[in-house]
Amino acid sequence: MSLRAALPRAAVAALFLERQHLDRPRARRLTAASLVRFAEDAGGIQLDSINVLERAHHLTLWSRFGAYDRETLERLVFRRRLLFEYWAHAACLVPTTQFPMWRRAMLDYEVHHTGWTSWLRKHGPTLERVEQAFRERGPLGNADFTDTRPGRRMAGWWAWKPEAHAMDYLWKKGVLGVHSRVHFQRRLDLIERLLPAALALEPLSRDAFRHWHVRRSLHAMGAASTTDLRMYLSYPRTSVAERRATLRTMLGSGEIAEVAVEGERAPWLALAGDLPALEAASRRRSRPSRGTTFLSPFDSFLWHRERTRTLFGFDYRIEVYTPGHQRVHGYYSLPILHDGTLVGRLDAKNHREAKWLEVKHVHFEGWFAAGSAPPLDGRGRVALEPALAGIGETLASLAAFVGAERVTLGRVSPAKLAKPLRRAVGTAAETNG
């Protein structure tokens, strides 16, 4: 099947929402099957240490499953081992069903990261000693190795003690895996102990892995530009020549196809099997998603923020890395997704001891505040009152999830939406109280 006409951006956006499990946000229940299915479809669930509101992976899962039980997730990941940690976009939880695929990246780690050469030459004995410690002592964390270097005051990655570098290297090489996390600090162990059945499976060849990597990324996005492909599952890095050769082969075999996307000069790519879904989405007039949620800055939906701008007309950046005086929307602003459109963002902080969820600033998109239709959508305007009600209910859900007993709402931009939003938040609090 080939598509004759250019796909509306809204059609690509609709399939993207579906693959990211955002077509019915917070409407599904977290189970072993739903967790693995989401991780397989998205390609990974990113981890991040910032905890001003909640850890990134918890927020990503809450966006799909609502206020789930964290103990359930701990059991599914660290006891049943349905997911394991590896570097896919950044550090991610990825499905154990895909271990043979990522095993190829582990085995080829030195090929793609030659910067270790001088370190390994200098610290070979440290590497052997650290691996032996795991063999003899079982699960260990960074604190189990003493830094004996005198007067070290550097900051950042280079300040790590040699043992920490050794553990990171052995993890990315697939010798070690993440056994558990205690206060988000990793405890590692030998991968042969953690995933013996998965380790026994044959890893993919290099060529097969490159093809799988493209298929996995395209599946997660529905259709993608070549830049989207490079930025989505961004690990392992491959050369431009390798990537082009892989795409030529897959186009030649008919496994993937070029598609025209409205407003885009260069053709995009899609799995041949997804062409009927894209064609159906281009004919749909109803909204592709029903419901409201907030998105973590590290959500897979936002891994390539230029894609978010292209498909949704939403300009977003993670301002945690922006100096305070240059921030526009706040330190940890969460995009607000309502009925498949990005209507604004809110900056929130969880005061854990006080059990208080502080919403410092809610900033709505201009088209939403004006009662206009969203850009690049073509499905008409978004009704204001149901959207604000959805935001109020979502805040109540988030508060319950992070253990907050009260929610306060600070600045709202534009100011004319402050009163109706406060009313919606108050109504939701009463309903859920």
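Which glycine takes a positive phi just after α8? Keep this question in mind; the legends below, drawn from a predicted model, come to the answer in the third view.

**Figure 1. The whole protein has 18 helices and 13 strands.** Before zooming in, here is the overall picture. The C-alpha trace spans about 65 × 60 × 40 Å along its principal axes. A compact globule of 433 residues would have a radius of gyration near 22 Å, and the protein agrees with this at 23 Å. Of the 433 residues, 56% count as buried. Among contacts between residues at least 6 apart in sequence, 66% join residues at least 24 apart. The accessible surface comes to about 19400 Å², and carbon and sulfur atoms hold 50% of that area. The protein carries 65 positive and 45 negative charges, and the mean positions of these two groups are 2 Å apart.

**Figure 2. Helix α3 is largely enclosed by the rest of the structure.** This helix covers residues 56-65, and 10 of its 10 residues are buried, which is why we can call it largely enclosed. You can find them by name: A56, H57, H58, L59, T60, L61, W62, S63, R64 and F65. What do these buried residues pack against? Their partners include the helices α2 (32-42), α4 (70-79) and α17 (384-402). Strands take part too, namely β1 (45-46), β3 (91-95) and β9 (292-294). As you trace the chain onwards, α3 is followed by G66, which has a positive phi near 75°.

**Figure 3. Helix α8 is mostly covered, and a glycine with a positive phi comes just after it.** The helix runs over residues 162-172, and 11 of its 11 residues are buried. The list of buried residues has P162, E163, A164, H165, A166 and M167 among its members. It also includes D168, Y169, L170, W171 and K172. Here is the answer to the opening question: G174, just after α8, takes a positive phi of about 85°. While you look at a helix, it helps to know that an α-helix has 3.6 residues a turn, so residues three or four places apart point the same way.

**Figure 4. H21 makes a polar contact with D41.** Look for H21 in the loop between α1 (9-19) and α2. Is H21 buried or exposed? Its relative accessibility is 6%, so H21 counts as buried. The two side chains of H21 and D41 make their polar contact at 2.7 Å. Leaving aside neighbours within four places in sequence, H21 is also in contact with R28, R37, F38 and R64, as well as with D41 itself. One of these partners, R64, is among the buried residues of α3.

**Figure 5. The side chain of R327 reaches two backbone oxygens.** R327 is found in the loop between α15 (305-312) and β10 (333-338). With a relative accessible area of 29%, R327 is partly exposed. Not counting residues up to four places away in sequence, R327 touches E319, V320 and T322. A polar atom of the R327 side chain lies 3.0 Å from the backbone oxygen of E319. The side chain of R327 also reaches the backbone oxygen of T322, at 3.0 Å. For a sense of scale, the C-alpha atoms of R327 and V402 are separated by 25 Å, with these positions 75 residues apart along the chain.

**Figure 6. Two residues other than glycine, R26 and K355, have a positive phi.** Most residues other than glycine have a negative phi, and most peptide bonds are trans. Phi of R26 is near 65°, and R26 sits in the loop between α1 and α2. At 17% relative accessibility, R26 counts as buried. Phi of K355 is near 55°, and K355 belongs to the loop between β11 (341-351) and β12 (356-364). K355 counts as partly exposed, at 39% relative accessibility.

**Figure 7. Cis peptide bonds lead into P236 and P414.** Which residue is joined to P236 by a cis peptide bond? The partner is Y235, and omega of this bond is near -5°. P236 has its place in the loop between α12 (226-231) and α13 (240-253). The other cis bond in this view joins S413 and P414, with omega about -5°. P414 lies in the loop between β13 (406-413) and α18 (418-432).

Terms used. Residues are numbered from 1 along each chain as its sequence is written. This is a predicted model: local features need pLDDT of at least 70, side-chain atom pairs count only at pLDDT 80 or more; totals for chains, interfaces and linings use all residues. Side-chain values use heavy atoms; hydrogens and water are left out. Buried means under 20% relative accessible area, exposed over 50%, partly exposed in between (1.4 Å probe, protein chains only). Helices (H or I, at least four residues) and strands (E, at least two) are DSSP runs, numbered from the N terminus. Contact means heavy atoms within 4.5 Å. A polar contact is a pair of N or O atoms within 3.5 Å; within protein, one must be able to donate a hydrogen and the other to accept it, and residues adjacent in sequence count only if both atoms are side-chain atoms. The radius of gyration is taken over C-alpha atoms; the globule rule is 2.2 Å times the number of residues to the power 0.38. Accessible areas come from the Shrake-Rupley method with a 1.4 Å probe; for residues, only the protein chains shown count as cover. Lys and Arg count as positive and Asp and Glu as negative; His and the chain ends are not counted. The place of a charge is taken as NZ of Lys, CZ of Arg, CG of Asp or CD of Glu.
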